[in-house]
Amino acid sequence: MIYRNFQDLKLSALGMGAMRLPGLDIPRLLDLYNEHSFTGGGFIAPMALMAVPEEKHPSACIGCRSCEKVCPQQIKISEAMADFARKMGA
Ligand code: SF4
């Protein structure tokens, strides 16, 4: 687990609203990651990702950590994307 609790990660994701780098929609993916992780799975995140092009899935994260260098809350985004991709079976 990367964050102490759901609220920490949720607040972090919300705080990144302006941080929409070209490529992955990080705040949206973190929101789905929160939902999936803290509800123990389910269909919401997999269903939401069905509407997202594959090149924008968490599995498309190459772990370059560019986003982490500018994240004001120092979220380990690459680790969250890797874990999310694993949970999605990628
Ligand atoms: S680590 Fe790199 S590839 Fe992954 S979400 Fe951040 S900027 Fe995108």
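**Exercise 1. Secondary structure of the chain**

Task: State how many helices and strands the chain has, and give the order of its elements from the N terminus.

Solution. The model examined here is predicted. Step one is the count: five helices are present, and the number of strands is zero. Step two is the order, which reads α-α-α-α-α from the N terminus on. Step three adds the burial of the chain: of its 90 residues, 23% are buried. Step four concerns contacts between residues at least 6 apart in sequence, of which 54% join residues at least 24 apart.

**Exercise 2. The shell around the ligand**

Task: Identify which residues come nearest to the ligand, and determine which elements give two or more residues to the shell.

Solution. Begin with the residues themselves. The ligand has 14 residues around it, and those that come nearest are Cys61, Cys64, Ser66, Cys67 and Ser78. Next, assign the shell to elements: α4 (66-70) and α5 (77-87) are the ones that give two or more residues. Of the elements, α5 gives the most, namely three residues. Finally, sort the shell by character: nine residues are nonpolar, four are polar and one is charged.

**Exercise 3. The packing of α2 against α5**

Task: Decide whether α2 is parallel or oblique to α5, and name the residues through which the two helices meet.

Solution. First, take the geometry of the axes. Helix α2 spans residues 26-38, and its axis comes within 10 Å of that of α5, crossing at roughly 55°. An angle between 35 and 65 degrees counts as oblique, and α2 is therefore oblique to α5. The crossing in which α2 passes α5 is left-handed.

Second, list the residues on each side. From α2 come Ile26, Leu29, Leu30, Tyr33 and His36, while α5 supplies Ile77, Ala80, Met81, Phe84 and Lys87. Third, classify them: this contact comprises eight nonpolar residues, one polar and one charged.

**Exercise 4. The surroundings of Ser78**

Task: Establish where Ser78 is placed, whether Ser78 is buried or exposed or in between, and which residues Ser78 touches.

Solution. Start with the element: Ser78 belongs to helix α5. Then consider the neighbour count. A residue is buried at 20 or more other C-beta atoms within 10 Å and exposed at 12 or fewer; Ser78 has 16 and is therefore partly exposed. Now turn to its contacts. Leaving aside residues up to four places away in sequence, Ser78 touches Cys61, Gly63, Arg65 and Glu68. For one of these, Cys61, the separation along the chain is 17 residues, and the C-alpha atoms of Ser78 and Cys61 are 6.9 Å apart. Ser78 and Cys61 are also both among the residues that come nearest to the ligand.

**Exercise 5. Two loop residues with positive phi**

Task: For Arg65 and Gln74, give the value of phi, the loop in which each lies, and the exposure of each.

Solution. Treat Arg65 first. Its phi is near 70°, a positive value in a residue other than glycine. Arg65 is in the loop between α3 (44-50) and α4. Arg65 counts as partly exposed because it has 13 C-beta neighbours inside 10 Å.

Treat Gln74 next. Its phi is near 55°, again positive in a residue other than glycine. The loop that holds Gln74 runs between α4 and α5. Gln74 has 9 C-beta neighbours inside 10 Å, so it counts as exposed.

As a last step, place Arg65 relative to Lys76. Eleven residues separate Arg65 and Lys76 in sequence, and their C-alpha atoms lie 8.2 Å apart in space.

Technical notes:
Residues numbered from 1 in each chain as written. Predicted model: local features only at pLDDT ≥ 70, side-chain atom pairs only at ≥ 80, totals over all residues. Helix = DSSP H or I, 4+ residues; strand = E, 2+ residues; numbered from the N terminus. Contact = placed C-beta atoms within 7 Å. Near = placed C-beta within 6 Å. Nonpolar A, V, L, I, M, F, W, Y, C, P; charged D, E, K, R; others polar. Axes fitted to C-alpha atoms, helices over the stretch in contact; angles between N-to-C directions. Parallel < 35°, antiparallel > 145°, perpendicular 65-115°, else oblique. Left-handed = near helix turned anticlockwise from the far one by under 90°.
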